[in-house]
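Please find below my notes on the model, set out as numbered points. They begin with a strand pairing and move on to the sheets, the confidence scores and some individual residues.

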Amino acid sequence: MKLSTAIFATTSLFLSLLNHLAAQSALSTIQGSVIDESGISLPYANIVLLEDESGDLISGSMTDEEGLFSLQISAHGKVFLKVSTIGYHSHQSEPFILNPGIKKDLGPLTLSREITDLEAITVNAAKPSVLIQADKTIVSIEGTVMAEGNNALDVVGRSPGVYVDGDGNINLNGRSGVIVLLDERPTYMSAEDLANFLRAMPADNIKSIEIINNPPAKYDAEGAAGVINLVLKRNNFNGNNGNIHIGNQYNGLHAPSTGGTINVKRGKWTSNASLNYNEWARFLDLDILR
């Protein structure tokens, strides 16, 4: 009995090993590097593999500190690679056939800098800095090239490990289900509403982006794929502002309305007051026929 059990265990282990080796041999590897026009390596650039016909996301990753990347996937068929990073134009490879078990080296992929020409205006901006910490990645946006003429969704989609598809769905390292926070506060929006909200927000409103690949337990379980926190700029301007309005309605009787508001900001304190007057004059005719 003991001999039969040992033989069964050995056979199971051998079959498991064969299955593991077969799975490993079926994996395809896509590797390469990302550089700029000067030949300098670009670390933390986004690498996504997409289906050629549908454009659906297959897998994603980002380059390491030396600008190198490597993807191991089990999918096959006609695919293409897309590379993007903050401050550079995106690069899209020509479609190619991916067969199981092959190793494809795409070599160095070159990205060109984004340059915006403005008439009679010179913009001096720094390249966004990326700070890698133990628990998160911080991308500084304030005062950089990405803060000029882009919206918040564009900036999020260029951040390390982040990919935004054509429908505005946000993926982190090839995984969906990402939580997006504004100053550590949940947005409570659907994916479509969130995409529209970020498209309407100028990138100049963002101070930095915090990307948490492995969120701690304090975040919702729905954010197992990761958390993206948008740190917005603080309003440091002091001053007063307000408005007044005057109106009148007439339908046989006059119904005037007037009011005004004033806002006062001093340091971290903001005060506001409002005063309104409305007269609801009604003129009613009622005819009943029975």
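1. Val264 has Ser271 of E19 standing opposite. The pair belongs to a ladder of 10 bridges between E18 and strand E19 (residues 269–278), with the two strands running antiparallel. This is a predicted model, and the points below should be read with that in mind.

2. E18, residues 254–266, is also joined to strand E17 (residues 239–250), here by 12 bridges and again in the antiparallel sense. Within this pairing, Ala255 of E18 faces Gln249. The hairpin of E17 and E18 leaves 3 residues between the strands, and Gly252 adopts a positive phi near 110° there.

3. An open sheet of 3 strands has the order E4-E1-E8, with mixed pairing. Its edges are strand E4 (68–73) and strand E8 (103–111), each of which pairs on one side only. From one strand to the next the twist averages 20°. Strand E1 (residues 28–36) pairs with E4 over 6 bridges in the antiparallel sense; Ser28 has Ile73 in E4 as its bridge partner.

4. Another open sheet contains 6 strands, ordered E9-E10-E15-E16-E13-E14, and its pairing is mixed too. Strand E9 (130–132) and strand E14 (185–186) are the edge strands, each pairing on one side only. At the E14 edge, strand E13 (residues 179–182) and E14 form 2 bridges and pair antiparallel. The bridge partner of Leu181 in E14 is Pro186.

5. Which residue in the loop between E13 and E14 should be checked for its backbone? Glu184 lies in that loop, and its phi is positive, at about 70°, although it is not a glycine. Is Glu184 buried or exposed? With a relative accessibility of 43%, Glu184 counts as partly exposed, because the partly exposed class runs between the 20% and 50% limits.

6. Tyr188 calls for a similar check. It is placed in the loop between E14 and helix H3 (191–200). Its phi is near 55°, a positive value in a residue other than glycine. The relative accessible area of Tyr188 is 76%, so this residue is exposed, the cut-off being over 50%.

7. On side-chain contacts involving rings, the structure holds 0 aromatic pairs. One charge placement can be listed: Lys104 lies over the face of Phe96, at 5.0 Å from the ring centre.

8. How far can the coordinates be relied on, in terms of confidence? The mean pLDDT of the protein is 79, and 82% of the residues score at least 70. Among the elements, strand E16 (residues 227–232) has the highest mean pLDDT, 90, and helix H1 (residues 2–26) the lowest, 52. Over residues 20–25 the pLDDT is below 50, and this stretch has 1 contact in the model beyond near neighbours in sequence. I would ask that the low score for helix H1 be stated wherever that helix is shown.

9. For the overall description, the secondary structure comes to 3 helices and 19 strands. The protein has 290 residues, of which 33% count as buried. Among contacts between residues at least 6 apart in sequence, 58% join residues at least 24 apart.

Conventions. Residues numbered from 1 in each chain as written. Predicted model: local features only at pLDDT ≥ 70, side-chain atom pairs only at ≥ 80, totals over all residues. Heavy atoms only, no water. Pairing = 2+ DSSP bridges. Helix = DSSP H or I, 4+ residues; strand = E, 2+ residues; numbered from the N terminus. Axes fitted to C-alpha atoms, helices over the stretch in contact; angles between N-to-C directions. Phe/Tyr/Trp six-rings, centres within 6.5 Å; stacked < 30°, edge-to-face > 60°. Lys NZ or Arg CZ within 6 Å of the ring centre and 35° of its normal. pLDDT = per-residue confidence, 0-100. Contact = heavy atoms within 4.5 Å. Buried < 20%, exposed > 50% of the residue type's maximum accessible area, 1.4 Å probe, protein only.
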